[in-house]
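Colleague: I have a few questions about the open and closed spaces in this protein, and then about one of its helices. Could you put the structure up first?

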Amino acid sequence: MRPRSGPTVQHRVLAARLRILREQAGVTLRAAADALDAHPATVRRIERAETGLDARQVAALLRCYEAPPAVAEPILTGLGAANLPGWWHQWRDAMESWQQDVIGVESSASLVRTWHPALVPELLRTSAYAAGLYRIRYPDDTPARRERRLELLRERRRRLSERGTALWALFPAAALHTRVGDAATMAGQRRALAEAMEQQHITVQVVPLDHPPHPMTAMPPLHLLRVPAPEIGDQAVLETPGVRVDLIDDPDAVMAHRIRLDAACAAAPPPGTPLPLRSPAPGP
C-alpha cells in the first residue's frame, strides 16, 4: 500500500463509486463490513478515500453489491492508478497535513476560486512574497525547508497553468498596502499581479479600500474547487489561520459559500479594472 500522501482525484472517484454502488444495492455499512470480515469503520474509510484501495477488499465489496462485470471491471482495472501517490508526494516534508488533501483536489480542478481577506491569494504570490510570509509563519524553518515550500508553490502554479485551470481571485486592496518583505518584494508582487491579469485563464478582482462591506467581509480565506468528475461535487476549503483548515464537500454548505462569493464578486469592480496601487485621498 502506498504511503499516505492524500488521495488523488482518481482515488476519490473510485471510492465514491463504491459508496454509490453500496447505496444503490441497499447494502448497509454493517453488511458490507461483514463481507470483508471487518468493522463498518473500515468500509467508511474506504468510501471516504481515507485508506488505500486493496484489490481483495474492493473485489469482495463488488461481489457483495452484485455489481455486473461492465461496472466492476473498470473499477478493478483502475485500482493501480488510483493507488499511485500524487505528484506532490515528494514534497510531503514541506507540507501541512491538510495540504495533502487540498492539493489532491486542486491538482485535477478545472476552476479554482479564491478569496483572502488580507493578503495576496496564495496561487498568485511571487516566490519573494511567499518567502516573506513563510519566515513569519514558520520561524523555525531552515533555509532549505523554506525553499522546499517555495518549490511546492511554484510547482502548483506551473501545473495549474499547464492544464489551463481557470483561477479567479478576489481580495481587498489592503493586501497591496500590507508590506511583506521589503519594498522591492512588494513592487515585484504588484508587477506579477498586473501580468497575471493579462493571462486568459486568470481573473483578478480587487476590492478598493473605500469599498462598503460586502458578503465576504470578515470571512476567513476561502477556496472553491471544481473537478470535472460527476462523482465529485464542488469542494470548499475554509481556512482559520493558525487553527484549522476544513475541506468541505457537503453540497449545501459549498453552495452557501459559492453564493456568498458570487455576491462579493458582483459587488467588486469588474475584472480588468487596473490595480489600485495608491491609497485613496483622505476625506475632508
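Colleague: How many cavities of 30 Å³ or more does the count come to?

Modeller: This is a predicted model, and in this model the count comes to one cavity of 30 Å³ or more.

Colleague: What volume does the largest cavity have, and which residues lie nearest its centre?

Modeller: About 150 Å³ of space lies in the largest cavity, and of the 15 residues that line this cavity, V102, E106, E122, R156 and H223 lie nearest its centre.

Colleague: Which element gives the largest share of that lining?

Modeller: The largest share comes from α7, with five residues, while at least two residues each are supplied by α7, β1, β4 (222-226) and β5 (235-240). By class, the lining of the largest cavity has eight nonpolar, three polar and four charged residues.

Colleague: Now the pockets. What is the volume of the largest pocket, and which residues are closest to its centre?

Modeller: The largest pocket has a volume of about 650 Å³, and among the 27 residues lining this pocket, R12, E47, R48, Q235 and D249 are the closest to its centre. Two or more lining residues come from each of α1 (9-25), α3 (40-47), α7 (97-106), β6 (244-248) and α12 (251-267).

Colleague: How does that lining divide by class?

Modeller: The lining of the largest pocket has 13 charged, 12 nonpolar and two polar residues.

Colleague: And the second largest pocket, what is its volume and what lines it?

Modeller: The second largest pocket has a volume of about 460 Å³, and of its 24 lining residues the closest to the centre are L119, R125, L133, R137 and E239. The elements giving two or more residues to this lining are α7, β1 (111-115), α8 (127-137) and α9 (143-163), and the lining residues divide into 13 nonpolar, five polar and six charged.

Colleague: Changing topic to α11, which of its residues are buried?

Modeller: The buried residues of α11 are T185, M186, G188, Q189, L193 and A196. These residues cover an arc of only 160° around the axis, so they sit on the same side of α11.

Colleague: What covers them, and what is on the face turned away?

Modeller: The cover over the buried residues of α11 includes α8, β2 (166-172), α10 (174-177) and β3 (202-207), whereas the face turned away from the buried side carries the exposed residues A184, R191 and E195.

Colleague: What span should α11 have, and how far apart are its ends?

Modeller: At 1.5 Å a residue, the 14 residues of α11 (residues 183-196) should span 20 Å, and the end C-alpha atoms are 20 Å apart, which agrees.

Definitions and conventions. Residues numbered from 1 in each chain as written. Predicted model: local features only at pLDDT ≥ 70, side-chain atom pairs only at ≥ 80, totals over all residues. Heavy atoms only, no water. 1 Å grid on protein atoms, 1.4 Å probe; cavity = no way out; pocket = protein on both sides within 12 Å on 5 of 7 lines; lining within 4 Å. Points joined across faces, edges and corners; volume = space filled by probe spheres on them. Helix = DSSP H or I, 4+ residues; strand = E, 2+ residues; numbered from the N terminus. Nonpolar A, V, L, I, M, F, W, Y, C, P; charged D, E, K, R; others polar. Expected span 1.5 Å × (residues − 1). Buried < 20%, exposed > 50% of the residue type's maximum accessible area, 1.4 Å probe, protein only. Arc of directions from axis to C-beta. Contact = heavy atoms within 4.5 Å.
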